[in-house]
Amino acid sequence: MRTRFGVLAALLTCVIGTVCAGERVLHVYTWSDYFDSEVLVQFERENNCRVAVDYFESNEAMYAKLKAGGGGYDVITPSSYMSSVMDGQDMLLPLDHSLIPNLDNMDKNWLRMTEDPSMRYSVPYTRTVTGVGYNSDRVKPEDLGSWDIFANPAYARRMTMLNDMRETIGAALKYLGYSLNTTNEAELAAAGEVLQGWKRHLAKFDVDEAKMGLGSGEFHVIHGYNGDVALIMEEVPEIDFFIPKEGSSVASDDFVIAAGTPAADLAHAFINHLLDPEVARITMESIRYFMPNPKAVAELDPELRENNAFNVDDSVLEKCEVIRDLGEDNAKYIRIWDLVKADE
């Protein structure tokens, strides 16, 4: 099991990195707390290699680093819309399905939620849903249920929102009743105004420190990913989670392999390893993110299956949208985000 509240993110590379010193290295770029350490150790032992893991905070930050020449990564876990962007710019290696026999374990119905339903260049890893984590000892029940909690001065400076352009603008768009994929400039401007109002009550835009702060009591309300909050709920009984009534985002985080990798065989083997039903079960029970692997889900701890942050009800998912790549219209979101983040 992972250590609590992101400690693994700081320690995993050095712990794992000592296992097979001098052997082949697989470089993985991912979100924090996104793998079970024992699963990685097992892969290293079976493949006589070392797994080196680095972390990113948002799809846009990951993309910017890679475009600037940073990295040297083999396997990356972007959200599906960013996988599509990267594929369109020849940043990804087409997958050899013969090297990933565990693709047979994938829930094929989930593929419609991705940008690559044929899995030509990407393989779904987890399902993520964005919502609100909160401390039930500090937040009044009547204040729950809507994105407008971020406008509530009662929790000023005790709230955070994700440092993620599409997720955070998307929250404001859903609050206003618009699509989180809109390209209408008037709707985007209105969302920017809403975010400016919410910003006055926020402590910061953040991901990792925010979830740790929710667990420690520093923050009372955070805009966060469901699996992150589900993990905190296990450790701190007063923490709970809801998806706002206006809807939110649902995403597939994917496995992709970087073009030009010198370790394509190892990268394919890594993906195949994580899709093994028993490995997937262990992973889900560790990281608290749902994986579209029916055989693994059937063997999960019943208590986890009943966790409302981990296993989001289908009626709630119906109100959510998948973030899509908007091509040149992404620039409209960048302009709004720059205005929101100004003077931060």
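**Entry 1: Glu 285 and its partner**

I started with Glu 285, which is buried in this predicted model, at a relative accessible area of 16%. Where does its carboxylate go? I found the side chain of Glu 285 in a salt bridge with Arg 281, at 2.8 Å from N to O. Arg 281 is buried as well, and I noted 18% for its relative accessible area. Both values are under 20%, so I log Glu 285 and Arg 281 as buried. The two residues sit in helix 10 (residues 277-287), four residues apart, which is about one turn of the helix.

**Entry 2: Glu 321 and Lys 174**

Next I looked up a pair that links distant parts of the chain. The side chains of Glu 321 and Lys 174 form a salt bridge, 3.1 Å from N to O. Which elements does the pair connect? I traced Glu 321 to the loop between helix 13 (314-317) and helix 14 (330-341), and Lys 174 to helix 5 (residues 165-175); they are 147 residues apart. Lys 174 has 10% relative accessibility, so I put it down as buried.

**Entry 3: Lys 332 and Asp 329**

Is Lys 332 buried or exposed? I have Lys 332 as buried, with a relative accessible area of 16%. Its side chain meets that of Asp 329 in a salt bridge of 3.2 Å, N to O. Asp 329 is partly exposed, at 26% relative accessibility.

**Entry 4: the wider search**

How many salt bridges does a search of the whole structure find? I get 13. I also noted a network of salt bridges that links Asp 33, Asp 208, Lys 211 and Asp 228.

Terms used
Residues are numbered from 1 along each chain as its sequence is written. This is a predicted model: local features need pLDDT of at least 70, side-chain atom pairs count only at pLDDT 80 or more; totals for chains, interfaces and linings use all residues. Side-chain values use heavy atoms; hydrogens and water are left out. A salt bridge is a side-chain nitrogen of Lys or Arg within 4 Å of a carboxyl oxygen of Asp or Glu. Buried means under 20% relative accessible area, exposed over 50%, partly exposed in between (1.4 Å probe, protein chains only).
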